[in-house]
Structure formats: C-alpha cells, structure tokens
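This briefing is meant to be read with the sequence and the coordinates side by side. It gathers computed features by topic for a reader who works at the bench.

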Amino acid sequence: MSLLAVCSCSLIYDYDNCPDEFSVASDWREAPTAEPEGMAYIFFADDTRDFWRYDFPGRYGGVVPLPDGCYHAIGFNDDTSATIISEPSDGFRGMKASTYRSRLYDSVGGGPDSLGTEPVVACPDQLWMQAIDEVTLTDDGVRWRADGSASMEYCPNKILTLFPRAMMASYTYEITDIKNLSGVRRMCAAMTGMASELSLCDGVRCLPAATLPVKAARQSDTSVAGSFLTIGLPAENAVENNLVLYVWLTDGRKFSYAFDVTDQTRNAPDAMNVHIKVGGIDLPESSPAGEGAFDVSVDGWVETIINIKG
C-alpha cells in the first residue's frame with residue numbers, strides 16, 4: 001500500500017516522537033455502496049494553516065506518522081476529476097469543493113458559458129467525506145469531536161475513525177406530455193440556481209448560483225428524462241431553480257422550454273435525492289426524416305416559459 005504525505009515546509013518536528021501506530025480509518029456505514037479508488041486525509045495544526053496530507057489507495061485508510069497535538073481533520077475520496085478540491089493551504093475552514101467552467105449545451109457540444117448572470121459549470125463527481133473539528137493526539141490515545149457532538153470520542157489504540165457520507169445530491173427529472181417528439185434531432189437540458197461551491201468543514205452550499213448542463217434522453221414517445229449530480233441548493237435560498245429543455249428539430253429550428261421547479265427542489269422530502277416532474281410541451285411538427293443542420297449557436301432560439309404552478 002502506497003502512502004503520500006504532504007507537509008507544510010514551515011514545520012520542524014522531532015519525528016522520532018511521532019506515534020507511528022496512529023491510524024486513520026473510514027467506516028462506510030453512511031455510504032455502504034461507495035467504492036472510491038483512494039482516500040485523502042488532511043490534518044491541520046490547530047489555529048494555523050500548517051497541514052499534513054496522507055493519500056491511501058482504496059477506501060479504508062492506514063497508518064500515518066503525526067506528532068502529538070491538536071488538529072482539525074478532513075477525509076475525502078481523492079479520485080474525482082469533475083469535482084475540484086481547493087488547496088489545503090487555504091486552511092481547514094477555507095477548503096471548498098467546486099467544479100470547472102463548462103458550456104450550456106455541453107452534452108451535445110458548444111453553447112454559451114453563462115445563462116443570464118449565472119456561470120455555467122460542470123456537474124460534479126460524487127464526493128464522500130467527513131470533517132472533524134477537533135482531534136487531540138497524545139501518548140495515551142486519540143480523542144475527537146465531530147458533527148456538533150457535545151462529547152468526545154476516545155480510542156486508546158490511536159485509531160481515528162471517520163464516517164464518510166455522500167455530499168453531492170442526486171437529481172432525476174422527467175418531462176412528460178410532449179407532442180411531436182419524433183421530430184426532435186438532438187436535445188439537452190440545464191438546471192439553474194444551484195450552488196457553485198461546498199464548504200468542506202461544515203457542508204454549507206455556497207453562492208454564487210450556477211447553471212448545470214444536463215443530458216436529456218427519450219424515455220418514451222412522449223417523455224424525456226435525465227439524471228445528474230449537483231452540489232445542491234445554496235444555503236441562501238434566494239435563487240429560483242429552472243429546468244430548461246433545449247431541442248433541435250430535424251428541420252433545423254431550435255426551441256427551449258423553461259419550467260420553474262423551485263417548489264419541487266426546496267420542498268423535496270430528501271434534499272440529497274430529488275425527483276422533478278413537469279410536463280406539457282407542444283412541439284411544432286418536423287419530419288422525422290429531415291436532414292436539417294445541427295446548429296448549437298446562441299442565436300435563433302424560440303424560448304417558451306411554461307407555468308406549472310396553476
């Protein structure tokens with residue numbers, strides 16, 4: 001098993017006194033089906049930006065050399081590409097997860113990189129993690145406090161156990177009662193008003209709001225469906241969520257249909273597993289055998305806003 005340690009160059013310790021038997025472990029009861037390729041564990045010296053990072057393959061952790069002292073800790077899977085983790089030099093309370101800039105029609109190619117005032121960013125990969133606000137390592141064991149607990153956990157065997165859980169919300173959507181769907185050559189979707197960053201130390205979803213490009217696929221002759229991961233709703237729920245469907249007809253015409261789904265996202269029974277259902281699109285007829293050009297430019301769209309609150 002390989003181990004990578006990254007330490008702040010400003011720290012000088014007598015590593016002969018490091019408790020080599022100190023271990024970090026992940027208990028996956030909160031995410032039993034997760035199979036990350038590797039896990040990162042970062043320890044921040046209390047009230048400083050000095051840190052140690054250890055990366056292990058697989059999902060379980062391992063032995064780490066760490067001086068006695070007080071720390072904050074974060075453990076997360078290190079195998080993400082769409083989810084970007086900020087540098088540990090930002091400090092325990094400054095580390096965030098975000099995604100890279102994308103384009104509106106990313107699933108079919110092209111499109112603008114903003115929708116109104118919102119930037120377009122890619123959907124994230126799943127992030128499993130836990131942050132621990134207080135860890136104390138001494139000769140007689142390790143003590144820690146997490147998740148706002150009033151009491152300290154204690155392990156005389158010097159094993160710090162984290163319980164990673166999924167941090168990215170899973171959204172599915174369904175658009176029904178679509179007429180003339182056979183005349184559609186290409187389609188994709190977008191979701192507006194989503195959080196652009198996740199604060200790792202406390203799980204807060206942060207503004208500014210962003211738009212996510214989303215794949216859309218035929219579910220039947222009259223319906224379209226899709227699924228995606230998202231950081232979730234901003235902690236400040238001042239932004240509407242709109243599900244927008246973009247269609248290119250076989251004759252070259254382009255149409256978009258926007259549904260305000262704010263009520264469904266904010267009132268979902270489970271904020272981490274949200275299902276959206278809307279419907280009622282009357283597409284113009286277009287010959288299924290047509291050879292219209294596929295144009296992903298910004299211009300030439302016929303936009304329709306559909307009120308589903310009646």
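The points below cover the strands, a pocket, the aromatic pairs and a small open sheet.

The structure is a predicted model. Strand S22 (residues 254–260) serves as a starting point, since the topics of strand pairing and pocket lining meet there: 7 of its 7 residues are buried, and S22 is among the strands that each supply at least two residues of the lining of the largest pocket.

**Strand S22 and its partners**

- The side chains of S22 fall into two sets, with Lys254, Ser256, Ala258 and Asp260 pointing one way and Phe255, Tyr257 and Phe259 pointing the other way, and all of these residues are buried.
- As background to that pattern, side chains in a regular strand alternate between the two faces of the sheet.
- Strand S21 (residues 242–249) runs antiparallel to S22 and is joined to S22 by 7 bridges, and within this pairing Leu243 stands opposite Phe259.
- S21 and S22 form a hairpin with 4 residues between the strands, in which Gly252 takes a positive phi near 100°.
- S22 also pairs with S24, here in the parallel sense and over 6 bridges, and Ser256 of S22 stands opposite Glu303 in S24.

**The largest pocket**

- The largest pocket has a volume of about 290 Å³, and of the 17 residues that line this pocket, the closest to its centre are Leu115, Val244, Tyr246, Ser256 and Glu303.
- Ser256 and Glu303, which stand opposite each other across the pairing of S22 and S24, are thus both named among the residues closest to the centre of the pocket.
- At least two lining residues come from each of S9, S21, S22 and S24, and S24 gives the most, with 4 residues.
- Sorted by class, the lining of the largest pocket holds 11 nonpolar, 5 polar and 1 charged residues.

**Aromatic pairs**

- The model contains 15 aromatic pairs by the rule applied here, and one of them is the pair of Phe43 and Tyr71, which is edge-to-face, with 6.2 Å from centre to centre and 80° between the planes.
- Because Phe43 lies in strand S3 (residues 38–45) and Tyr71 lies in strand S6 (residues 69–77), this pair ties together parts that are 28 residues apart in sequence, and both Phe43 and Tyr71 are buried.
- The rings of Tyr105 and Trp301 have their centres 5.5 Å apart and their planes at 45°, so this pair counts as tilted.
- The pair of Tyr105 and Trp301 links distant parts of the chain, 196 residues apart, with Tyr105 in the loop between strand S8 (96–99) and strand S9 (114–115) and Trp301 in strand S24 (residues 301–306).
- Tyr105 counts as buried at 2% relative accessibility, and Trp301 is also buried, with a relative accessible area of 13%, where the cut-off for a buried residue is under 20%.
- Phe43 and Tyr71 also belong to a cluster in which ring pairs link Phe22, Phe43, Trp52, Tyr54 and Tyr71.

**Strand S20 and its partners**

- Because 6 of the 8 residues of strand S20 (residues 223–230) are buried, S20 is largely enclosed by the rest of the structure.
- Strand S16 (residues 169–179) pairs with S20 in the antiparallel sense over 7 bridges, and the bridge partner of Ser170 in S20 is Leu229.
- Strand S19 (residues 217–220) likewise pairs with S20 in the antiparallel sense, over 3 bridges, and the bridge partner of Ser220 in S20 is Ser223.
- S19 and S20 form a hairpin, with 2 residues between them.

**An open sheet of 3 strands**

- The strands of this open sheet follow the order S5-S2-S14, and their pairing is mixed.
- Strand S5 (61–63) and strand S14 (159–162) stand at the edges with a single partner strand each, so one side of each edge strand is left without a neighbour in the sheet.
- Neighbouring strands of this sheet are turned against each other by 20° on average, direction ignored.
- Strand S2 (residues 23–26) and S14 run parallel and are joined by 4 bridges, and Ser26 stands opposite Leu162 in S14.

Methods
Residues numbered from 1 in each chain as written. Predicted model: local features only at pLDDT ≥ 70, side-chain atom pairs only at ≥ 80, totals over all residues. Heavy atoms only, no water. Pairing = 2+ DSSP bridges. Axes fitted to C-alpha atoms, helices over the stretch in contact; angles between N-to-C directions. Phe/Tyr/Trp six-rings, centres within 6.5 Å; stacked < 30°, edge-to-face > 60°. Buried < 20%, exposed > 50% of the residue type's maximum accessible area, 1.4 Å probe, protein only. 1 Å grid on protein atoms, 1.4 Å probe; cavity = no way out; pocket = protein on both sides within 12 Å on 5 of 7 lines; lining within 4 Å. Points joined across faces, edges and corners; volume = space filled by probe spheres on them. Nonpolar A, V, L, I, M, F, W, Y, C, P; charged D, E, K, R; others polar.
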